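Dear colleague,

I am handing over the structure below for your consideration. A short account of what was found in it follows.

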Amino acid sequence: MATQERDLSGNMNANIIIQKQEQDISATMNANIIEKREQDLSAAMNAKIIGSGSQAMVLAHGYGTDQSIWDKITPVLAQTYKVIVFDWPFSGAVLKDPKLYDTAKYSSYDGFADHLIAFLDKNDLKSTVFVGHSMSGMIGCIASVKRPELFKRLIPIGASPRYINTDDYEGGFKVSDIDQIITNIETNYFNWCSFFASLIVDTKDPASTEKFEKLLKKMNPEVALPLAKTVFYSDHRETLEKVTTPCTIVQASNDVVIPNSVAYYMQEKIKGTTTVEMIECDGHFPQLNAHLQVLDVIKKVVGV
């Protein structure tokens with residue numbers, strides 16, 4: 001009887017050890033898969049460092065574009081700062097392998113914020129000046145809440161915590177407006193690209209309109225649709241009061257996507273010291289059609 005009990009106990013211990021080893025192996029394999037995926041994604045992000053200044057400045061583009069959206073300002077900034085540009089995984093400049101875009105992960109801005117944090121950690125970037133256009137402005141805010149030491153200053157350009165109006169908040173769109181945008185993307189993406197570009201870029205700047213249209217059309221429609229839902233149905237107003245990093249909000253004076261009131265709403269809600277810089281220009285892309293004014297703002301708030 002005692003021998004049977006010892007054998008039973010030995011078998012149980014062996015099973016526990018084997019099970020634990022299998023769990024460890026499985027965990028290691030999963031970690032390796034995640035690390036490999038992150039390495040593949042990091043390599044595909046086309047990250048570039050321009051300039052050799054002591055202050056790191058990260059420029060992050062928005063929906064439908066890529067790092068070339070900053071081309072008018074990066075050469076000037078690189079004379080003073082260490083400028084880092086990259087392409088988000090939804091960009092047409094990245095998506096040669098659609099599997100790199102994880103629809104579930106990027107169903108909220110939190111997934112992008114985690115990606116940004118991993119990118120900064122991988123490149124040993126701390127206390128950065130983060131310039132984020134449109135959706136990237138809010139992504140930077142979220143990332144700064146999670147890891148404030150990575151950010152010295154936030155400069156969101158044309159950012160919004162919510163696009164849909166409520167009784168006490170002007171986001172710029174009714175729910176039906178957003179529903180129609182999503183339907184148009186789903187039914188005829190390339191026609192929508194042409195229309196949307198002509199709507200939100202300064203009509204007096206046809207070269208910039210054409211540039212944005214071409215960048216939009218490079219994006220995979222199967223990625224553009226879920227990402228549009230992530231962007232246009234988002235609501236991150238509650239995040240703002242958690243942001244303690246100093247913030248300079250850059251707003252075009254006549255942006256058909258973002259009402260001016262949104263910039264002042266963000267200023268009121270953000271806990272860190274926050275100012276609004278209103279740039280006199282039309283459209284959603286001041287870095288394209290008012291780039292000298294954008295440069296003046298950045299130099300003023302960051303210093304030369």
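**Helix packing and the nonpolar core**

Helix H5 (residues 175-187) packs with helix H8 (residues 221-232) at an angle of about 170 degrees, their axes lying 9 Å apart. This makes H5 roughly antiparallel to H8 (an angle over 145 degrees). On H5 the contact (heavy atoms within 4.5 Å) involves Ile178, Ile181, Ile182, Ile185 and Glu186, and on H8 it involves Ala224, Leu225, Ala228, Lys229 and Phe232. Helices here are DSSP runs (H or I, at least four residues), numbered from the N terminus.

Please note that this is a predicted model: local features need pLDDT of at least 70, side-chain atom pairs count only at pLDDT 80 or more, and totals for chains, interfaces and linings use all residues. Residues are numbered from 1 along each chain as its sequence is written, and side-chain values use heavy atoms, with hydrogens and water left out.

In helix H7 (residues 206-218), Ser208, Thr209, Phe212, Leu215 and Leu216 are buried (under 20% relative accessible area, 1.4 Å probe, protein chains only). They lie on the same side of H7, because they cover an arc of only 130 degrees around the axis (taken from the directions from the axis to the C-beta atoms). The buried residues of H7 pack against helix H6 (189-200) and helix H11 (286-289). Pro206, Ala207 and Lys214, on the other side of H7, are exposed (over 50%).

The largest nonpolar core (buried Ala, Val, Leu, Ile, Met, Phe, Trp, Tyr and Cys residues joined through side-chain atoms within 4.5 Å) has 93 residues. Tyr63 and Phe112 have the most contacts inside this core.

Yours sincerely

Key:
Helix = DSSP H or I, 4+ residues; strand = E, 2+ residues; numbered from the N terminus. Expected span 1.5 Å × (residues − 1). Axes fitted to C-alpha atoms, helices over the stretch in contact; angles between N-to-C directions. Parallel < 35°, antiparallel > 145°, perpendicular 65-115°, else oblique.
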